[in-house]
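Dear colleague,

I am passing on the structure we spoke about, with the sequence alongside. Please open it before you read on, as my notes follow directly below.

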Amino acid sequence: PSGEVGSFKLSNLTFVDAAGAGCFITLPETGVTASEIVVENCVLDGFSKSVIYGNYETANIDKIVFDGVQTKNWGTGQGIFDFRKGTYGSIIIKESTITGGRDLIRLDSGCNTGEVVIRNNTFDGVNNGVNGNGMLYVRKGLVTYKVIGNLFLNQTADSKNTIWKTSGVQ
């Protein structure tokens, strides 16, 4: 999506990265303003990088929701939910199954973020790659973190942080 999109929703679909795009949703340099982006009850298969990637200050999204999403055959090229710049009111990941991938959530100092809610998910082998920086690779203070009722399977921490990348995260 780009420009003023209001509300954007994808529901009950399967997406396979046959073209090798790497990212499922890449927020464009030209900017996107949205009240919400919702992905629900979808299967994301074979992406090598991010479910959603935002690296431009021109992104301004009130609410991002991933509900009932299943990832499989996921690569370790970037954070799964990777936000480096932009404004995101709330990021909600709930009742999803995430398998593989690098950092679950990456939030860099160029982001303005309200709350992150991670509720009732299953994470299997997330952040097990060589370049993993932690489940929550956060370099920006947040208003609220809520991590509730999740199941973490097959996690390893070979000389790295499994959950938090840096100290001082609130």
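A residue is called buried here if its relative accessible area is under 20%, and exposed if that area is over 50%. Please also keep in mind throughout that this is a predicted model.

With that cut-off in hand, I would start with two aromatic residues, since Phe24 is buried and Phe47 is buried as well. Their rings form an edge-to-face pair, because the planes stand at 80 degrees to one another while the ring centres are 5.7 Å apart, and planes over 60 degrees apart count as edge-to-face. The two residues come from distant parts of the chain, 23 residues apart, with Phe24 in the loop between β2 (14–16) and β3 (25–26) and Phe47 in the loop between β5 (43–45) and β6 (52–67). Over the whole structure the search gives 6 aromatic pairs, and ring pairs join Phe24 and Phe47 with Phe15 and Trp74 in a cluster.

As to the overall architecture, the chain has 14 strands and 0 helices, so that reading from the N terminus one meets β-β-β-β-β-β-β-β-β-β-β-β-β-β. Of the 170 residues in the chain, 48% are buried. If one takes the contacts between residues at least 6 apart in sequence, 86% of them join residues at least 24 apart. The accessible surface of the chain is about 7600 Å², and carbon and sulfur atoms account for 45% of that surface.

Another residue worth a look is Arg106, which lies in strand β10 (residues 105–119). Is Arg106 buried or exposed? Its relative accessibility is 9%, and Arg106 therefore counts as buried. The side chain of Arg106 makes a polar contact of 3.0 Å with the side chain of Asp108. Leaving aside residues up to four places away in sequence, Arg106 touches Phe81, Asp82, Phe83 and Arg84, together with Tyr137 and Arg139. Gly134, in the loop between β11 (122–124) and β12 (136–138), is 28 residues from Arg106 in sequence, and the C-alpha atoms of the two are 8.8 Å apart in space. Gly134 is likewise buried, because its relative accessibility is 0%.

You may also want to know about the cysteines. A disulfide is a covalent bond between the sulfur atoms of two cysteines. The search of the whole structure finds 0 disulfides. Cys42 counts as buried, with a relative accessibility of 1%, and Cys111 counts as buried at 0%.

Finally, there are two asparagines whose backbone angles deserve a check on your screen. Asn12, in the loop between β1 (3–11) and β2, has a positive phi of about 55 degrees although it is not a glycine. Asn73, in the loop between β7 (70–72) and β8 (81–94), has a phi near 55 degrees, again a positive value in a residue other than glycine. Asn12 is exposed, because its relative accessible area is 56%, and Asn73 counts as exposed at 57% relative accessibility.

With best wishes

Key: Residues numbered from 1 in each chain as written. Predicted model: local features only at pLDDT ≥ 70, side-chain atom pairs only at ≥ 80, totals over all residues. Heavy atoms only, no water. Phe/Tyr/Trp six-rings, centres within 6.5 Å; stacked < 30°, edge-to-face > 60°. Helix = DSSP H or I, 4+ residues; strand = E, 2+ residues; numbered from the N terminus. Buried < 20%, exposed > 50% of the residue type's maximum accessible area, 1.4 Å probe, protein only. Contact = heavy atoms within 4.5 Å. Areas by Shrake-Rupley, 256 points an atom, 1.4 Å probe, with all protein chains shown as cover. Disulfide = S-S within 2.5 Å. Polar contact = N/O pair within 3.5 Å; in protein donor to acceptor, adjacent residues only side chain to side chain.
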